Amino acid sequence: MNTHSPIINFGAGPAALPQVVLTEAAEAVINYKDSGLSILEIPHRGGQLFEELLSESKALVLELCQLNPDTYDVLWLQGGGRLQFAMIPMNFLDSTASAGYIDSGFWAHDAQEHAKQYGNVHTIASSRALNYTMLPEIEAPIPNNLSYLHYTTNNTIYGSQFSNIPNSPVPLFADMSSDIFAQHRDYSRFDLFYAVAQKNLGAAGVTLVVIKKNLLGKIVRKLPPILDYQQQAMQHSVLNTPPVFGIYVSLLVLRWIKAKGIDTIEKDNNAKATLLYKEIDRNTLLEGIVEENSRSKMNVVFRTSNSQTEKELISFCKENGIEGIGGHRSVGGLRVSLYNAITVQQVEKLVSLLQQFEQEKLKHT
Ligand SMILES: *Cc1c(COP(=O)(O)O)cnc(C)c1O
């Protein structure tokens, strides 16, 4: 049964969520766990209901990442990706030290620019000069005196994705906003990673941060508690009023991921990406933008031969119940996001529309 509108949302974020998550979230707004209270009303201090959902959410994150709760802390913070871009150097980059950044796309670059306000930045690799149409190669050895190395696992806007984790002699930090829990990954290689919820993990307004406990003692400057990872960890994400509803939606997504299993999610994500790239490579009106070995399985970026065809394709899809395929304003073209909640059948529907569009166009030329 599909009680939600039949529209398929291929947008990059806020992104499609599983139907069961939407249904349960809607029910919780009316009456959370038969408490007679809305999830929007339950107390976040001293209340059993919130305590339970917070601890389940943290335990599930660590379970799905196969990480030990003695070694890692899970935080639910506000302020989105941008706040993490700032908090990371604030906490871990001294003004006289250097941090390494891999400059592989729009968000990766923005993270790097934030760090420059707090210390020195060493760009380890960059594909900016190539307009980020491929992943940059790490050519020289990574210096072992850096405070940390930061990279973005999946470039949401430019449509590229790392399949390997870089070998780093210094603590490894990653922005996983657009591909967390999309495939198996050795999370134990990371000292800190984060993901905004609105891509693969829930609703906008909450950001997942997983941090190694031994980093918490290494914060380099005095900060307001709200910006200090150690203070946040000591206060168990309730230093101020937490985004209870946002955390709850993420908990529902985590339960859905666990029930489906990362194996199945990865298998489906591979199938979805293969279907779509195959069609882009075949379709005479379409052309992929990203170099083949760098292609993202989450955000598929492509274009048509001219902007008129592009407009026609977007409206053709809209008439057929497909939304969110316009490219980011800084890149143009088209972008289809294949996050975990998107099904293989939905991609099949898109592919058949792309084929139909091509046939119609060829008929008229
Ligand atoms: C969307 C996105 C962000 C930005 O998140 P905000 O919450 O809008 O600040 C950061 N990094 C990546 C990889 C993203 O996809």
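How many bridges join strand β11 to β12, and in which sense do the two strands run? Three bridges join β11 (residues 286-288) to β12, and the strands run antiparallel. The model described in this report is predicted.

## Strand β12 and its partners

Strand β12 spans residues 299-304, and five of its six residues are buried, so that the strand is mostly covered. On the side of β11, Gly288 has Phe302 of β12 as its bridge partner.

Strand β12 also pairs with strand β14 (residues 334-337). This pairing is antiparallel as well and extends over four bridges. Phe302 takes part here too, with Leu334 of β14 as its bridge partner. Phe302 is thus named in a bridge to Gly288 and in a bridge to Leu334.

## The faces of strand β14

In a regular strand the side chains alternate between the two faces of the sheet. In β14, Leu334 and Val336 point one way, whereas Arg335 and Ser337 point the other way. All four of these residues are buried.

## Two domains

The protein is divided into domain 1, covering residues 19-260, and domain 2, covering residues 262-363. A distance of 28 Å separates the C-alpha centres of the two domains. Each domain brings residues to the contact: 25 from domain 1 and 25 from domain 2.

The size of an interface is often given as the accessible area lost when the parts come together. Between domain 1 and domain 2, the buried area is about 2,200 Å², and carbon and sulfur atoms give 55% of it. On the side of domain 1, the residues that lose the most area to domain 2 are Ile157, His184 and Lys260. Together these three account for 26% of what that side buries.

## Polar links and contributing elements

One salt bridge is counted between domain 1 and domain 2. The side chains of Lys260 and Asp268 meet in a salt bridge, with a distance of 2.9 Å from N to O. Lys260 also belongs to the group in domain 1 that loses the most area to domain 2. In addition, 15 residue pairs are in polar contact between the two domains, with both residues of each pair at pLDDT 80 or more.

Several elements of domain 1 supply at least two residues each to the side that touches domain 2: β6 (154-155), β7 (160-161), α5 (197-200) and α7 (244-260). Of the elements on this side, α7 gives the most, with three residues.

Technical notes: Residues numbered from 1 in each chain as written. Predicted model: local features only at pLDDT ≥ 70, side-chain atom pairs only at ≥ 80, totals over all residues. Heavy atoms only, no water. Buried < 20%, exposed > 50% of the residue type's maximum accessible area, 1.4 Å probe, protein only. Pairing = 2+ DSSP bridges. Domains from an automatic or database assignment. Contact = heavy atoms within 4.5 Å. Buried area = accessible area lost by both parts, 1.4 Å probe. Salt bridge = Lys/Arg side-chain N within 4 Å of Asp/Glu carboxyl O. Polar contact = N/O pair within 3.5 Å; in protein donor to acceptor, adjacent residues only side chain to side chain.
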